[in-house]
Amino acid sequence: MSYKLLNKINFPSDLRKLSLIELENLSNELRNKTIETVSKTGGHLGAGLGVVELTIALHFVFNTPRDRLIWDVGHQSYPHKILTGRKNKIETLRQKNGLYGFVKRSESEYDPFGTAHSSTSISAGMGMKVAKDLNNDNAKIISVIGDGALSAGMAYEALNNVGASNKQMIVILNDNDMSIDRPVGAMSNYLTKLLSSKQYTNVRSLLKKISTKLSNSVSKTLYKAEEFSKGLVTGGTLFEELGFYYLGPIDGHDIKTLVQVLENIKDSSVDKPIFLHCVTKKGYGYEPAEKSDDKFHGVNKFDVKTGQSLNSSNKKTYSSIFGETLSNVAKNDEKIVALTAAMISGTGLDIFNSQYPDRLFDVGIAEQHAVTMAAGLATEGFKPYVAIYSTFLQRAYDQIVHDVALQKLPVRFAIDRAGLVGADGPTHAGSYDITFLSTLPNFIIMAPSNQNELIRMINTTVFINDRPSAFRYPRGTGEINNNDNNIDPIEIGKGIILEEGNEVAILNLGSRLQSCQEAIKILNANGIQPTLADARFAKPIDTNLLEQLLDNHKYLLTIEEGSSGGFSSSVLNYIHNERIKITSTKVNNIFFPDKFIDHQSPEEQYSEIGMDADSIAKKIIQIYQDNVVNFQSFNKNISN
Ligand SMILES: Cc1ncc(C[n+]2csc(CCOP(=O)(O)OP(=O)(O)O)c2C)c(N)n1
């Protein structure tokens with residue numbers, strides 16, 4: 001692929017020397033570079049392709065990085081990264097020590113605010129605008145937010161505040177009529193109506209309206225821009241009522257229009273925040289993306305010519321096991337309903353949706369609302385399953401505490417992407433759910449160690465009608481053991497011993513079981529025969545199992561894929577505060593270190609933090625060698 005223009009662009013200052021025609025050519029090259037890159041790295045593609053022209057126009061018109069440009073979610077930022085000093089590193093995207101797949105402050109001065117969780121850009125922008133004003137600094141603040149991200153409560157809180165403040169910040173709506181799946185909600189309907197309304201076609205009279213509202217210089221140039229503007233209108237009533245100057249909709253792929261309108265906005269002296277409505281297409285300019293249902297939202301490595309994924313794994317994901325199992329149990333129980341916050345396919349609920357569309361509720365990017373809505377459903381005798389990624393559930397913590405746990409309502413939490421998530425990095429890691437749920441009275445918390453166990457845990461929750469429950473499972477695929485047909489519910493709070501050994505016991509919770517089993521092979525070769533137990537429950541913990549392990553072993557190691565304060569803390573709390581018997585067993589715990597774990601492959605992550613088989617085995621060998629003699633003598637003293 002030829003990158004004649006792009007080769008000359010390292011920073012936006014290079015871009016600002018180009019003509020409008022050259023900017024158009026550059027957009028083709030930038031689009032190709034983005035496609036070529038993601039075909040090799042995997043990652044988010046459709047969103048970036050949709051904002052290629054907008055990215056160029058913004059950097060052309062505004063004085064970045066002095067002017068602050070905030071990309072909501074940050075998954076559309078790859079073209080921005082290419083234009084802002086990171087072109088030569090772009091193929092390191094999502095790899096160890098490489099560029100991050102979202103926006104990260106430490107990566108570049110062009111990234112004024114870290115984004116990955118949705119709908120934060122207007123709030124952060126407002127903070128920056130207030131700070132600039134206090135400093136008498138007239139730098140511009142621009143927040144770019146998608147129509148999907150606009151479905152979140154946080155975005156409305158920010159619009160409400162910004163609109164009333166008369167702060168001259170700029171909010172750009174990137175309206176591609178897509179979220180990950182189809183967008184939902186009244187705002188989405190409103191935007192669609194806005195685009196197809198009379199106002200859209202009656203350009204001239206609406207341009208006149210703008211001229212009465214905006215300062216003279218702006219209106220003059222807007223008139224000049226008419227030939228480019230293909231439907232520039234005003235009258236976005238809702239946004240105007242909120243206190244913004246609404247401009248648009250404009251064609252977000254027409255660089256000339258974009259540049260003209262952005263220049264007008266930049267030079268304007270309006271005393272209100274401006275809301276610019278850009279219409280774009282997700283996946284624009286790449287046929288396989290435009291044609292696919294999800295517009296290539298997130299992809300594995302793929303063949304550029306055909307768009308075919310190069311990932312040939314046909315193993316099932318945990319998410320799909322969840323979707324299938326929930327559909328199965330829903331067959332016999334019409335009280336079962338499912339809720340998702342804009343993640344139907346990501347959570348496997350597309351499977352449920354195909355069978356029970358009336359019992360699936362996609363609430364938009366509104367995790368807080370989803371949780372409290374589920375609580376409401378539970379009060380009426382329904383069995384709500386709220387499927388949310390662990391990291392996004394963090395948003396709904398007060399709702400979990402106040403609306404669910406405190407009222408002891410039987411909401412079922414299907415917590416997907418629990419644990420590390422490899423290339424998606426720390427913003428998406430499911431690190432804290434065991435910790436923040438364990439501390440809540442009334443909760444039952446489970447973590448399957450394989451896909452068969454996930455099925456059994458889902459089946460268990462069907463019967464938990466007197467309190468909230470949760471099961472947390474990892475990203476990615478796993479093995480179903482077809483020889484094990486047991487899909488029975490599990491007794492609450494009951495773990496299991498999987499391998500009987502001596503002296504050393506490993507008490508696993510959840511997804512590291514396979515690594516523990518591999519570690520045991522290494523240990524066996526070293527003459528150590530550990531017992532392996534699977535706790536299954538982070539709450540209530542199986543104290544009988546724990547007693548048995550403590551009584552019969554000199555060393556106990558717990559392991560879980562989560563932060564401190566989780567399962568291991570519950571075990572230690574039991575041993576130190578609740579148990580009367582004094583133990584001679586040495587206890588260690590493996591959980592996440594006290595740091596955010598960088599993006600890299602899952603294998604690299606587990607190895608870095610001592611959770612792979614080798615590290616587990618090494619830890620036990622070390623302890624065993626250092627302490628086994630002492631353990632024996634200590635035990636003798638006790639029994640004497
Ligand atoms: C709080 C939160 N919930 C869910 C997500 C997952 N997510 C990432 S992008 C996205 C859709 C965003 O849609 P939109 O803002 O329209 O951007 P587009 O991808 O269409 O360009 C969702 C739901 C997230 N990043 N943050």
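Visitor: What makes the side chain of Glu367 a polar contact of the ligand?

Guide: In this predicted model, a nitrogen atom of the ligand is 2.7 Å from an N or O atom in the side chain of Glu367. A polar contact is a pair of N or O atoms within 3.5 Å, so this pair qualifies.

Visitor: Which other residues make polar contacts with an oxygen atom of the ligand?

Guide: Asp147 has a polar side-chain atom 3.2 Å from a ligand oxygen, and Met178 has a backbone N or O atom 2.8 Å from a ligand oxygen. Around the ligand there are 22 residues, and the closest are His75, Gly148, Met178, Lys282 and Glu367.

Visitor: How do you know that the length of helix H18 agrees with what it should span?

Guide: Helix H18 covers residues 367-379, which is 13 residues. At 1.5 Å a residue the expected span is 18 Å, and the end C-alpha atoms are 19 Å apart, so the two agree.

Visitor: Why are the buried residues of H18 said to line one face?

Guide: The buried residues are Glu367, Ala370, Val371, Ala374, Ala375, Leu377 and Ala378. Seen down the axis of H18, they fall within an arc of 160°, so they line one face of the helix. An α-helix has 3.6 residues a turn, so residues three or four places apart point the same way.

Visitor: What do the buried residues of H18 pack against?

Guide: Their partners are strands S8 (336-340), S10 (383-389) and S11 (412-416), together with helices H19 (390-393) and H20 (397-405). Just after H18, Gly381 takes a positive phi of about 85°.

Visitor: Why is helix H22 called largely enclosed?

Guide: H22 runs over residues 451-461, and eleven of its eleven residues are buried, so the rest of the structure largely encloses the helix. The elements that its buried residues pack against include helix H16 (318-331), strand S12 (444-446) and strand S13 (469-472). At the start of H22, a side-chain oxygen of Asn450 comes within 3.0 Å of the backbone nitrogen of Asn452.

Visitor: Why does Thr461 count as buried?

Guide: Buried means under 20% relative accessible area. Thr461 has 0% relative accessibility, so it counts as buried. Thr461 is found in H22 and touches Tyr385, Arg412, Met446, Ser469 and Phe471, leaving aside residues up to four places away in sequence.

Visitor: What makes the phi of Phe296 worth a remark?

Guide: Most residues other than glycine have a negative phi. Phe296 is not a glycine, yet its phi is positive, at about 55°. Phe296 is found in the loop between helix H15 (287-291) and strand S7 (298-299), and with a relative accessible area of 9% it is buried.

Visitor: Where does Arg536 lie, and what is its phi?

Guide: Arg536 lies in the loop between S16 and strand S17 (537-539), and its phi is near 60°, a positive value in a residue other than glycine. At 7% relative accessibility, Arg536 counts as buried.

Visitor: Which peptide bond leading to Pro65 is cis, and what is its omega?

Guide: The bond from Thr64 to Pro65 is cis, with omega near 5°. Most peptide bonds are trans. Pro65 is found in the loop between helix H4 (52-61) and strand S2 (68-71). The bond from Gly248 to Pro249 is also cis, with omega near -5°, and Pro249 is in strand S5 (residues 245-251).

Visitor: How many disulfides does the structure hold?

Guide: The structure holds zero disulfides. A disulfide needs a pair of cysteine sulfur atoms within 2.5 Å. Cys278 is buried at 0% relative accessible area, and Cys516 is buried with 0% as well.

Notes: Residues numbered from 1 in each chain as written. Predicted model: local features only at pLDDT ≥ 70, side-chain atom pairs only at ≥ 80, totals over all residues. Heavy atoms only, no water. Buried < 20%, exposed > 50% of the residue type's maximum accessible area, 1.4 Å probe, protein only. Helix = DSSP H or I, 4+ residues; strand = E, 2+ residues; numbered from the N terminus. Expected span 1.5 Å × (residues − 1). Arc of directions from axis to C-beta. Contact = heavy atoms within 4.5 Å. Near = heavy atom within 4 Å. Polar contact = N/O pair within 3.5 Å; in protein donor to acceptor, adjacent residues only side chain to side chain.
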